[in-house]
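Biologist: I am new to this structure and would like a close look at a single part of it. Could you take me through domain 1 of the first chain, with its sheet and its surroundings?

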Amino acid sequence: METVIKTERLSKHFGNFIAVNEITFNVERGEIFGFLGANGAGKTTAMRMLIGLSKPTSGAASIAGFDVYRQTEQIKRNIGYMSQRFSLYEDLTVMENIRFFGGIYGLREKMLKAKGEKIVNELGLASERNKLVASIPLGWKQKLAFSVAVLHDPKIVFLDEPTGGVDPLTRRQFWDLIYARTLEGMTVFITTHYMDEAEYCNRLSIMVDGRINALGSPSELRQQYAASSMDEVFFKLAREARRTDN
Amino acid sequence: MVTVNGISKSFYDGKVQAVKSVSFDVRSGELFGVIGPDGAGKTTLFRMLTTLLLPDGGSASVLEFDIVKDYRKIRRHAGYMPGRFSLYQDLTVEENLNFFATLFGTSIAENYHLIRDIYIQIEPFKTRRAGKLSGGMKQKLALCCALIHQPRVLFLDEPTTGVDPVSRKEFWEMLKRLKEQGITILVSTPYMDEATRCDRIALMQYGEILAVDTPASIINKYPETLYAVKSAEIPRLLSDLRQYDNTLRCFSFGEHLHLSLRKEDGNALDELQEYLYGRDHRNVSITDTTPTIEDCFIRLLK
C-alpha cells in the first residue's frame, strides 16, 4: 500500500489558541477518507495545512510525498480541491470553465479537448456545453465542479462539504462520481455534515477541540461507541467538546 | 396565519421561474418547514412573504394582511432572519440589538423575556463587533434581532445551513421553545432529516411544491414496502440491484441500500434472494424499514 497523506503530531497555534492539536493519521492510496468534526473543531485549519495554504506550527506532514513546509507548490500541482463556496466561474460557460481550469493546470490543447468531451458526456451536459454556468442547476454545477477539480488527474482530491444544499438524488450521483474515481486509484479526502455520507467513507476521523478523538472505519466506530449509526457516534463524541465555535 | 394562493415569481425576463404557482396555509402556532435543496425557490418564497419582493402572480397574506397592499403592517408583526448574515458587522452585539429594538419603538429591556434563553449565551460578548463573532454566535444574534420586536410570526431562511449536526440539534431545540411561547414559525432548510422536527412541511423542488403534510403522513403515503439491503460489497450490490428487473428504486442510505420493488407478491423476496445469490452476493440481509423524508423526497422528485 502507498501512503499518500501522512501526518505526525501536526499542530497549528494562533497565539495562545491551539486550533489543531497534534493530529496523527495516514491515508492510503485509493481510500475515501472522511474528515468530520463539529464547527470550530479545527477541520478547516487542518485542511488548509494539508493543501499547502497554511504553515503548521509544529509536527510533520507529507501530501503525495511532498512536505507541507517546503514543497507547497508541488503539493498544489498534485492535488485537486473543491469546496461548496468556490467551485466554478458563473459567468463563463461550461466548456470555458473546463478550458480555464485545464489551462491553469497546464493541460495541452489536445488533451484538454478530449477531457472536456469526456466530462460533458459523462455528466449528460453535452447540450449545455455553451451555457453559462450561472444558468445550470446547482446539482449539475457541483458535479461539474468535481470533474473540473480532478481534470488534471491529481493523486488526491480534497472536497470541503461538496454536497451541502444539494438535492438527495444529486448527492448520490455525486458519490457515484467519487466511487468511479477511487476505482482508478484516486484518493478522496472529504468533509461533510451529512452523517449518511460518513458511512460511504472507507475510514474516517472525528475531530473534537483540535484533536482527532476517533479514527477508524464506520463499522469499527459504531462498534467502539456502541452506537447504531454514525449520527450517534458523532453525537457521543461532539458532546465531549469543551470548545464550541463560540 | 399565513395563506399562500398560487404565488409566482420569475427573474431575468421570465427566463428563471423561481416560484411557480405555489399554494399552502400555515396555521397559528405551527412550526412549518419548507424543505428543499438549493435552487428550490425557498428564499424567493420567503422574500415575497416578508414583503421584500413583489410576486408576479397569485396572492398571499400574512396575519391576514395582504403581502402587497398591507406590507407595512406585516413588517411590524413579522420577524425575518435571512440566510445570509445581514446585521451590521461594525456594530457590537448590543448595538445591533439596540438598533433593531429602536427601529420598532421598543427596547431590549421591554422584550428581554423573549430573547433571554438565546441572548444569555452571547451576552458575555455583548461588546464584541458582530463581524468578529463565530458562525454560531452570529446566528444567535440574528435570531435575537428578529425577535426583539415581539413578532407574531417568524420567518427563518436556512438557519442551519452549513452548521454541524450537534449545533443544528440545539438550534431546533431553541425553535421548539419559541413555538411554545406561541410564535408561528416558518423555517426553510435543505436538510431532509430536520423535517421531522416540524409540525407540517412543504417539500419543494424547482419552484414547485411536491407535497404539503405532516412528516408522519408523508411517510405513511410512501406507496411501496421499503427494504434495507446490506452485504459485504455495497457498491457491487447497488449496481446489481439497479440492473434487476423487479427493482423500482434503489439508493444508498448510510450503511444500507434502500430498495423498492415493482411487484411485491409472495415470491418477490425469494426471487430477489435467488438473483443476488446467482450474482455471488453472500451474507445478504434484507429487512423491512420505515421510509425517511429523504426516501419520500427522492420518490417525488421529477
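Modeller: This is a predicted model, and a good place to begin is with the distance between two of its parts: the centres of domain 1 of chain A and domain 3 of chain A, taken over C-alpha atoms, are separated by 20 Å. Domain 1 of chain A covers 1–27 + 45–70, while domain 2 spans 78–191 and domain 3 spans 193–246. Where domain 1 of chain A meets domain 3 of chain A, six residues of domain 1 are in contact with five residues of domain 3, and the side belonging to domain 1 is made up of five nonpolar residues and one polar residue, with no charged residues.

Turning to the strands, chain A has an open sheet of four strands in the order β2-β1-β4-β5, with antiparallel pairing. Strands β2 (17–28) and β5 (66–67) of chain A stand at the edges and have a single partner strand each, so one side of each is left without a neighbour in the sheet. Within this sheet, strand β1 (residues 3–14) of chain A pairs with strand β4 (residues 58–63) of chain A in the antiparallel sense, over five bridges; to follow this pairing on the model, one can look at Lys6(A), which stands opposite Ser62(A) in β4(A).

As for the wider setting, chain A also touches chain B, in a contact that takes 28 residues from chain A and 27 residues from chain B. On the side of chain A, the largest share, five residues, comes from α9(A), and the residues on that side divide into 14 nonpolar, eight polar and six charged.

Terms used. Residues numbered from 1 in each chain as written. Chains lettered and ligands numbered in written order. Predicted model: local features only at pLDDT ≥ 70, side-chain atom pairs only at ≥ 80, totals over all residues. Contact = placed C-beta atoms within 7 Å. Helix = DSSP H or I, 4+ residues; strand = E, 2+ residues; numbered from the N terminus. Nonpolar A, V, L, I, M, F, W, Y, C, P; charged D, E, K, R; others polar. Domains from an automatic or database assignment. Pairing = 2+ DSSP bridges.
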